[in-house]
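Open the model in your viewer and keep the selection panel at hand. The stops below go from helix packing to the sheet and then to two loop residues.

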Amino acid sequence: MTEQKQPTTDDFDAPTTLNPVIGLRFGDLLQAGAKVLRQALLQPNLVIEQAAKFNRELLNIVSGSSELEPHPKDRRFKDDAFSNSALPIFTKKSWLAFQQGLNDWVDRSDFQGVEQERARFIVNLVADALAPSNFLLSNPSAIRKAIETNGMSLLKGFGNFVDDMINNHQMPSQVDKSAFDVGKNLATTPGSVVHRSELIELIQYTPTQENVSSKPIFIVPPQINKYYLYDLSPQKSVVGYLVAQGQQVFVVSWRNPHKELSHAGLDTYVEALEAALQASLEITEQDNLHVVGACAGGITLTLALGHF
């Protein structure tokens, strides 16, 4: 049997362990970027070889013999101009050659294991940032939109940029948050908080049927999400549907922890969940209940159930 490598603190700091939900720390990117730059300095011959290969591919693009094409599902090049117009075609294929060259360099470098994954993450981050779709002059759709709206699309885009810099931790917003208002068109199913601790609030939803099931349903959403994951619009509410079917529903609402809760470990979360489970049983005067858990909330729920 081979010895299994134990994860280290350095492994968990790798950018490949991060995602848009958790967020990217600037320090992590700098650290990984420095390692990529160091490797490039240690292997200059390889960099020169890849640069020469990139230049040869540029000649193929100019001569019309390049076979580089984006993935069919890559929406960045869906505009017809990237297939029918000379300059956009050159821009597209040049970027594809650049992206391919970076990944080829990572494959041929002396990166090992997680280091290679980190390097690939960084070079693809750089490549994606330089994609033609990210710049006005190389984005046919953006140019066309600007002309059609007499420049208003550019003003709106700049406003979005400023808003993201001020209100969204300098990250691009995925949705228009102004379209959602908790309690009005989001999380509208009536309920009340029946238990509270330093980590959670437990919501019991108001029955809408004369007769309800005696055994309650206890729902645990992910810690990185909101309780109304299960109570979206009235037409898309799991909680609303269950209540309408005569079920007693309890949902955990996790607290968004700050520095004062830095001491809280997994055992703290499990204990908070156990107390909420017990509160649900006491309120409904039952000995057992149905449980539903999602993502990290499901993992925590499983650990809590192990104590019972």
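Contact, wherever the word is used on this tour, means heavy atoms within 4.5 Å. The model is a predicted one.

**Stop 1: helix 3 and helix 5**

Select residues 44-63, which are helix 3, together with helix 5. On the helix 3 side, the residues that meet helix 5 are Leu46, Val47, Glu49, Gln50, Lys53, Phe54, Glu57, Leu58, Ile61 and Val62. Their counterparts in helix 5 are Phe90, Lys93, Ser94, Ala97, Phe98, Gly101, Asp104, Trp105 and Arg108. By class, the residues of this contact are ten nonpolar, three polar and six charged.

Now look along the axes, which lie 10 Å apart, with an angle of about 155 degrees between the helices. Angles over 145 degrees count as roughly antiparallel, and helix 3 and helix 5 are therefore roughly antiparallel to each other. Their crossing is right-handed.

**Stop 2: helix 5 and helix 6**

Keep helix 5 (residues 86-108) and add helix 6 (residues 114-129). The angle here is about 165 degrees and the axes are 9 Å apart. That makes helix 5 roughly antiparallel to helix 6. Helix 5 passes helix 6 in a right-handed crossing.

For the side chains, show Trp95, Phe98, Gln99, Leu102, Asn103, Trp105, Val106 and Asp107 in helix 5. They meet Gln116, Ala119, Arg120, Val123, Asn124, Ala127 and Asp128 in helix 6. The residues of this contact divide into eight nonpolar, four polar and three charged.

**Stop 3: the sheet**

Hide the helices and show the strands. Which order do the five strands take? The order is 1-2-4-3-5, in an open sheet with mixed pairing. Strand 1 and strand 5 (290-293) are at the edges; each has a single partner strand, so one side of each has no neighbour in the sheet. Neighbouring strands are turned by 25 degrees against each other on average, direction ignored.

Start from the edge at strand 1 (residues 191-196), which pairs with strand 2 (residues 200-205) in the antiparallel sense over five bridges. The two strands form a hairpin, with three residues between them. Pick Val193 and find its bridge partner, Ile203 in strand 2.

At the other edge, strand 5 pairs with strand 3 (residues 217-220) in the parallel sense over four bridges. Here Phe218 stands opposite Val291 in strand 5. Bring back helix 11 (residues 295-306), which packs on the sheet and touches strand 3, strand 4 (249-254) and strand 5. The direction of helix 11 makes about 140 degrees with that of strand 5.

**Stop 4: two loop residues**

Select Thr206, in the loop between strand 2 and strand 3. Is Thr206 buried or exposed? Its relative accessibility is 40%, so Thr206 counts as partly exposed. Beyond its neighbours within four places in sequence, Thr206 is in contact with Pro190, Gly191 and Val243. For a distance check, pick Gln170 as well: Thr206 and Gln170 are 36 residues apart in sequence, and 40 Å apart C-alpha to C-alpha.

Finish at Asn168, in the loop between helix 8 (152-167) and strand 1. Asn168 has a relative accessible area of 14% and is buried. Not counting residues up to four places away in sequence, Asn168 touches Asp163, Ser173 and Lys177.

How values were computed: Residues numbered from 1 in each chain as written. Predicted model: local features only at pLDDT ≥ 70, side-chain atom pairs only at ≥ 80, totals over all residues. Heavy atoms only, no water. Pairing = 2+ DSSP bridges. Axes fitted to C-alpha atoms, helices over the stretch in contact; angles between N-to-C directions. Parallel < 35°, antiparallel > 145°, perpendicular 65-115°, else oblique. Left-handed = near helix turned anticlockwise from the far one by under 90°. Nonpolar A, V, L, I, M, F, W, Y, C, P; charged D, E, K, R; others polar. Buried < 20%, exposed > 50% of the residue type's maximum accessible area, 1.4 Å probe, protein only.
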